[in-house]
Amino acid sequence: MTQPITARVQFDSVTAEERIAALVAEYAGQSISPHRMEVIRRRAVAIAMECMDVEIMSARH
């Protein structure tokens, strides 16, 4: 028998947006290669993940 699970996610979008904006500002006025763009994107995703709290709960009977 399987047990149902639920997830609760809390995301601090204000902090994430501020930190990602600061990251992007580091590169203002520069020519950005596709590789550098991917590095920036990955850093932005990492920042977003740091601003997220995920709680997985199992309903036990």
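Let's start at one residue: leaving aside residues up to four places away in sequence, Arg-8 touches Asp-53, Val-54, Glu-55 and Met-57. Keep in mind that the model in front of you is a predicted one.

**Two strand residues**

Arg-8 sits in strand E1, which covers residues 5–11. Is Arg-8 buried, partly exposed or exposed? Its relative accessibility is 44%, so Arg-8 counts as partly exposed, since that class lies between the cut-offs of 20% and 50%.

Met-52 makes a good companion to look at, and its place is in strand E2, residues 52–58. Which residues does Met-52 touch, not counting those up to four places away in sequence? They are Val-9, Gln-10 and Phe-11. Met-52 has a relative accessible area of 38% and is therefore partly exposed.

The table sets out two C-alpha separations, one for each of these residues.

| Residue pair | Separation along the chain | C-alpha separation |
|---|---|---|
| Arg-8 and Glu-50 | 42 residues | 16 Å |
| Met-52 and Ala-16 | 36 residues | 8.9 Å |

**The pair of helices**

Ala-16 and Glu-50 from the table turn up again in the contact between the helices, Ala-16 on the H1 side and Glu-50 on the H2 side. In general, a packed pair of helices is described by the angle and the distance between the two axes. Here helix H1 spans residues 13–25 and helix H2 residues 34–50, and their axes come within 9 Å of each other. How do they cross, and at what angle? The axes cross at roughly 160 degrees. Angles over 145 degrees count as roughly antiparallel, and H1 and H2 are therefore roughly antiparallel to each other. The handedness of the crossing is right-handed.

On the H1 side the contact is made by Ala-16, Arg-19, Ile-20 and Leu-23, and H2 brings Ile-40, Arg-43, Ala-44, Ile-47 and Glu-50. By type, the residues of this contact divide into 6 nonpolar and 3 charged, with no polar ones.

**The whole chain**

Stepping back, you will find 2 helices and 2 strands in the protein. Their order along the sequence gives the pattern β-α-α-β. The radius of gyration is 17 Å, well over the 10 Å that the globule rule gives for 61 residues, so the protein is more spread out than a compact globule. Along the principal axes, the C-alpha atoms fill a box of roughly 60 × 25 × 10 Å.

How much of the protein counts as buried? Of its 61 residues, the share is 13%. Contacts reach across the sequence too: among those between residues at least 6 apart, 83% join residues at least 24 apart.

Conventions
Residues are numbered from 1 along each chain as its sequence is written. This is a predicted model: local features need pLDDT of at least 70, side-chain atom pairs count only at pLDDT 80 or more; totals for chains, interfaces and linings use all residues. Side-chain values use heavy atoms; hydrogens and water are left out. Axes are lines fitted to C-alpha atoms, for helices over the stretch in contact, and angles run from 0 to 180 degrees between N-to-C directions. Helices (H or I, at least four residues) and strands (E, at least two) are DSSP runs, numbered from the N terminus. Angles under 35 degrees count as roughly parallel, over 145 as roughly antiparallel, 65 to 115 as roughly perpendicular and the rest as oblique. A crossing is left-handed if the near helix is turned anticlockwise from the far one by less than a right angle, and right-handed if clockwise. Contact means heavy atoms within 4.5 Å. Ala, Val, Leu, Ile, Met, Phe, Trp, Tyr, Cys and Pro count as nonpolar, Asp, Glu, Lys and Arg as charged, and the others, Gly among them, as polar. The radius of gyration is taken over C-alpha atoms; the globule rule is 2.2 Å times the number of residues to the power 0.38. Buried means under 20% relative accessible area, exposed over 50%, partly exposed in between (1.4 Å probe, protein chains only).
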